[in-house]
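Trainee: Hi! Could we go through this one together? I'd like to know how its parts fit.

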Amino acid sequence: MRFTFNAEQEAFRREVVAFLEKEIPALDIELDKYEMAGGSSREFSRKLAEKKWIGLTWPKEYGGSERGYVDKMILSEQLIRHRAPTGYHFAAERQIGPAIIKFGAQWQKDYFLPRFINAEDNITFCLLFSEPDAGSDLAAIKTTAIPEGDHYVINGQKVWSSGAHSSDYGWLLARTNPDPTVPGHIACSEFILDLKTPGITIRPILNIMGEHHFNEVFFDTVRIDKKYLVGRENEGFKQIVAQLDYERAGIERLMQNHLVYERLKSYLREGEFADEDPGLVYWIKDAFARLETELTIGRLLCYQTAWMIDHRKQISSQAALCKALCSQYEHRLNDVATRLLGASSLMMGEENPYAPWEGLVAQSYLHSPSYTLQGGAVEILKNIVAQRGLKLPRA
Amino acid sequence: MDFEFSSEQEMLRKSFSNFLDKECGHDLVKEWYKNEKGYSPAVWKKMAGLGWMELICESLGNKEGTSFLDAVILFEELGRALLPSPLFTSAAVAGFILSQASDEGPGGKDIAEIMSGKKIYTAALMNERGELDHNRPGVSAVSDQNGGYRLSGTRLFVPYADSADFLLVCADLKNGGPTLFRVKTDSVGVTACPVETLYPERKCVVKLDHTFVDSSDIVGKAGNGGQYVDAVMGKITLLKCSEMLGGMSFILNTTVQYVKDRCQFGKPLGVLQTIQHYCADMATLYEGARMTNYLAASLIDDGLSAEKEVAMAKAWISDGYKKCTWISHQLHGAIGYTEEYPIHLYYRHAKENELMLGDARYHRWKLMERMGL
């Protein structure tokens, strides 16, 4: 039992910090003021690749370093603390690569994995999972991929597909068994879908801030070669559930708004509000101490989950518990920040001279409702904790 | 990083829990609350035979092969069982304070007596308002004309003072500052009366009325009493947190089992999503408690400062344990509100210990202080 880094882990942390402090300022891009974890730079991804820090946990035969997930967590924590633009390779590394390693055909491994690990061209992926009638209940999807000779023919619609408009590929879940009496969890398959394939229409959905991240994606008789099936036909749902655990265990669910935390902390440190109403001073300190405690717990839960993966333990329940706690922390963090700054926190816009912290707080607060939904709504996560962790009976 | 106890630590835990399962069921616990001493001297002897007092006193790491985590594990198991005994006050509170002071004065022999279990020490550190006042003690120490001192004052919440052999009292020495004294409980002018509180583990009101103490009864150096207590307060608090963590674990497991077994409308309660979410909330409070508790314990075990982490642990666990007992009562329904069923003992234990050694609000304030904010 030891909740602190050992000497090697601490040395690795320092190495990562030194690299990021040197490389990020040298980048030829300006980091988006509000983009805390989603910035994208091919140049930066290349530099990480040169360090062999993409695919850190992957097997050596696929170009990885076969390091543990705790090491990966150390890297991820520093990337996010330094607001590193990892968007270019993020999905390929976190989700698509590991799925191909686990379930993919030999040609998929040979073709995609070296491209991912070296941050080459055309490696951006979006997820094509949710549908209008299949959100939390993902097994209820209706999009079909019907075998026809050497091809699958895809028809249907996806929704909430983040970044589909700027991705090279989609990672698609579709029913390969069209018989509606067969339950979804044994009727679906996973596919790699080149988004340039004819028959695909992508339409933007603007989020509450008017930003274009989400899309609707329509498939009208989209024909793809059978070789794009990943894993086994009709086992896609099982494959996806295994991947979701990895997604939930990520520290980006805790620290997407770390910039707000840092600003809040330095504001308190500088004591700018020391002469304010003592009631406010007291309240804000108490609220920040709660946040600090939740952040500490969330961070350790992320590391614990990584450690469990390294020790081949079942992580579903832990990852769900972790993600639920982390995403609620982020929501509260942004709320506390608005209440500390008061009405001025409502000011928006980088150029607005009345907006404290370049309008960061209002921006973050508007992002907040999505955290407790994406990657599994808190309610679903609690069900997982209760059913898989505490072994309570299913209804 | 390692998120698991070693197999040796797990064996140790098993040995504690086996003993407690055998020796202290809830029926016995409730009997002991009401008996003359408030604990079982027979079980106390057995605990001494198992070396529990020694394990606690040595967990400060002064000796090769000892670990603070061993004491953490012991108090977790004690909290699960809710064994009433002077172990915490004698070995952890008095033992740690004496050990801290022993470099600067007498103490070595006292600790040996605590470790053997032959003598019971208790700490009388709270004033009449129930506040820890070791830095500005409400007990006065006045020089006696024949040498030595006379102590006067009232102490509240003194655990097992009626059966302890010695009290540690911090007194305000005229022109000398807070000074720690060792007081024999059978001295003239000491009265210790058990008092009724929300949680029935034995606590006394102690009155010192011109009680004579010799100058050799000063523990460590005169004037340093408050510092000794402050120096070990983090470790004492974390062992209390560990005890509370054990209580949380009992509450979580008992409640989850109950909603699996209890059927209404032809189904176990646990199939209902509302019930499942309550249970997931308890599990989250418990996991958070484990994280903060073991983080602080890891740092202490490495000999590092853990003041910030102890503050987080006590803040989270004070709130979390209490909330778990609320949920537990809600999910148990009427059966949980009976004298016979054990969860009210934990409901009481959680409330008492929320308020002892600083509540969540106090520790959040302290956390901010430690962060320089």
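Mentor: Sure! This is a predicted model, and the domain assignment splits chain B into domain 1 (7-116), domain 2 (121-223) and domain 3 (227-370).

Trainee: How far apart are the C-alpha centres of domain 2 and domain 3 of chain B?

Mentor: Those centres lie 31 Å apart. The two domains are in contact, with 16 residues of domain 2 of chain B and 12 residues of domain 3 of chain B taking part.

Trainee: And how much area do domain 2 and domain 3 of chain B bury between them?

Mentor: About 1100 Å², with 67% of it on carbon and sulfur atoms. On the domain 2 side, B:His134, B:Leu198 and B:Tyr199 supply 44% of the area buried against domain 3 of chain B, more than any other three residues.

Trainee: Which side chains meet in a salt bridge there?

Mentor: B:Glu352 and B:Lys203, at 2.7 Å from N to O. The count between these two domains is one salt bridge.

Trainee: Okay, new topic! How many residues does each chain give to the contact between A and B?

Mentor: Chain A gives 44 residues and chain B gives 43. The area buried between the chains is about 4300 Å².

Trainee: What about salt bridges between chain A and chain B?

Mentor: There are five, and one of the pairs with a salt bridge is A:Glu292 with B:Lys308, at 3.1 Å.

Trainee: Which helix gives the largest share of chain A's side?

Mentor: Helix 9 of chain A, with 16 residues on the side that touches chain B. By type, that side of chain A divides into 22 nonpolar, nine polar and 13 charged residues.

Terms used: Residues numbered from 1 in each chain as written. Chains lettered and ligands numbered in written order. Predicted model: local features only at pLDDT ≥ 70, side-chain atom pairs only at ≥ 80, totals over all residues. Heavy atoms only, no water. Domains from an automatic or database assignment. Contact = heavy atoms within 4.5 Å. Buried area = accessible area lost by both parts, 1.4 Å probe. Salt bridge = Lys/Arg side-chain N within 4 Å of Asp/Glu carboxyl O. Helix = DSSP H or I, 4+ residues; strand = E, 2+ residues; numbered from the N terminus. Nonpolar A, V, L, I, M, F, W, Y, C, P; charged D, E, K, R; others polar.
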